[in-house]
Amino acid sequence: MSLLEVRNLRKAYGALKVTDDLDLTVEEGEIHAIIGPNGAGKSTLIAQLSGESLSDGGSVRFADAEMMGMAMHRRVRAGISRSFQITSILPGFTALENVATAVQARTGSSFRFFSPVDQENRLNDQALEALDRVGIADRAFFRAGSLSHGEKRQLELAIALATRPRLLLLDEPLAGTSGQEAERLVEVMHSLRGQVTLVLIEHDMAAVFSLADRVSVLVYGQIIATGPPDIIRADPKVRQAYLGEESAGAGDVAD
Ligand SMILES: Nc1ncnc2c1ncn2[C@@H]1O[C@H](COP(=O)(O)OP(=O)(O)OP(=O)(O)O)[C@@H](O)[C@H]1O
């Protein structure tokens with residue numbers, strides 16, 4: 001059984017079918033990248049999987065349970081988490097407070113059986129562990145607003161990891177980062193391999209091809225190919241859809 005099985009997933013905005021009978025399978029422990037041209041429906045798909053956006057139909061089975069119709073906080077408890085955007089980080093709070101606050105907000109009342117002091121300790125422990133996993137435990141007591149852009153992206157990852165997901169959905173984790181920051185984040189994602197299943201959308205092809213175990217190509221709301229990076233790179237269908245090539249010639253999808 002696969003960890004995530006998406007079948008015939010649909011979503012339309014008016015006449016525009018953004019997710020068009022989409023099928024996708026994600027195996028436990030893999031890093032699965034979703035690539036595709038601008039407007040292909042990648043962010044919409046992530047939003048549908050996380051429960052942030054309602055779907056019009058289809059099935060999303062996660063760990064053999066149906067997620068369709070389930071609210072986002074219930075999916076978080078089932079083990080699906082998605083990255084926050086930097087814009088949702090509170091700049092005046094410390095990195096630790098940001099993670100703890102987000103965990104509390106996302107898991108709802110799951111700590112309610114503990115005393116307030118216990119609740120705070122548990123939240124802080126969980127938050128610190130997450131900051132450590134992304135390599136910024138030494139920034140725990142720094143105000144989030146004072147962190148570098150790359151560290152803020154690490155903080156986003158920590159927020160998503162702090163709910164201890166089995167499946168982590170990342171929407172462009174490298175966006176806006178410089179070369180060194182991107183390298184650091186790729187290292188962090190590598191270090192998560194095997195601990196958590198990752199589904200990520202990313203435009204940085206070098207990162208995608210170095211990180212992903214499998215890549216799915218999304219075009220006009222449908223997955224047109226899924227496979228290991230080398231197979232995807234060489235797939236004529238992918239090259240045509242991506243580059244508008246009349247025929248697949250020499251060279252790669254992107255490097
Ligand atoms: N709330 C909305 N209302 C109407 N149309 C929308 C809405 N959200 C997205 N769309 C449209 O759905 C299509 C897919 O958008 P989406 O953001 O999912 O694509 P994407 O593959 O993530 O693109 P990009 O790579 O540019 O981020 C686009 O044509 C977009 O304009």
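## Helix α6: an exposed side

On the other side of helix α6 from its buried residues, G179, Q180, E187, H190 and S191 are exposed. A residue is exposed if 12 or fewer other C-beta atoms lie within 10 Å of its own, buried if 20 or more do, and partly exposed in between; the C-beta atoms are placed from the backbone. Helices (H or I, at least four residues) and strands (E, at least two) are DSSP runs, numbered from the N terminus.

This is a predicted model: local features need pLDDT of at least 70, side-chain atom pairs count only at pLDDT 80 or more, and totals for chains, interfaces and linings use all residues. Residues are numbered from 1 along each chain as its sequence is written.

## Helix α6: the buried side

Which residues of α6 are buried? They are L185, V186, V188 and M189. They cover an arc of only 160° around the axis, which puts them on the same side of α6. The arc is that of the directions from the helix axis to the C-beta atoms. These buried residues pack against β3 (31–35), α5 (149–161), β8 (197–201) and α7 (205–211).

Helix α6 covers residues 179–192. At 1.5 Å a residue, its 14 residues should span 20 Å, and the end C-alpha atoms are 20 Å apart, which agrees. The expected span is 1.5 Å times one less than the number of residues. Just after α6, G194 takes a positive phi of about 90°.

## The whole protein

The protein has 255 residues, and 42% of them count as buried. Its secondary structure comes to nine helices and 10 strands. Contacts between residues at least 6 apart in sequence were sorted by separation: 66% of them join residues at least 24 apart. Two residues are in contact if their C-beta atoms, placed from the backbone, lie within 7 Å.

## Strands β7 and β8

Strand β7 (residues 167–171) is mostly covered, with five of its five residues buried. L167, L169 and D171 lie on one side, L168 and L170 on the other. In a regular strand the side chains alternate between the two faces of the sheet. Strand β8 has five of five residues buried, so it is largely enclosed by the rest of the structure. Its two faces hold T197, V199 and I201 on one side and L198 and L200 on the other.

How do these strands pair? Two strands pair if DSSP finds at least two bridges between them. β7 and β8 pair in the parallel sense over five bridges. L168 has L198 as its bridge partner in β8, and L170 has L200. Strand β6 (residues 80–82) runs parallel to β7, joined by three bridges; S81 has L168 as its partner there. β3 and β8 are also parallel, over four bridges, and H32 is partnered with V199 in β8.

## The antiparallel sheet

Four strands form an open sheet in the order β2-β1-β4-β5, with antiparallel pairing. Its edge strands are β2 (16–26) and β5 (65–66), each of which pairs on one side only. Strands of a sheet pair through backbone hydrogen bonds, either parallel or antiparallel.

Within this sheet, five bridges join β1 (residues 4–13) to β4 (residues 57–62). R7 has S59 as its bridge partner in β4.

## The ligand and helix α1

Which residues lie around the ligand? They are Y13, V18, G36, N38, G39, A40, G41, K42, S43 and T44. A residue counts as near the ligand if its C-beta atom, placed from the backbone, lies within 6 Å of it. The shell divides into three nonpolar, six polar and one charged residue. Here Ala, Val, Leu, Ile, Met, Phe, Trp, Tyr, Cys and Pro count as nonpolar, Asp, Glu, Lys and Arg as charged, and the others, Gly among them, as polar.

Helix α1 (residues 42–50) gives the largest share of the shell, three residues. Eight of the nine residues of α1 are buried, so α1 is largely enclosed by the rest of the structure. Its buried residues are K42, T44, L45, I46, A47, Q48, L49 and S50. K42 and T44 thus appear in the ligand shell as well. G51 follows α1, with a positive phi near 90°.

## Helix α9

Q240 sits in helix α9 (residues 236–243). Is Q240 buried or partly exposed? It counts as partly exposed, because it has 15 C-beta neighbours inside 10 Å. Its C-alpha atom is separated by 32 Å from that of F62, 178 residues away along the chain.
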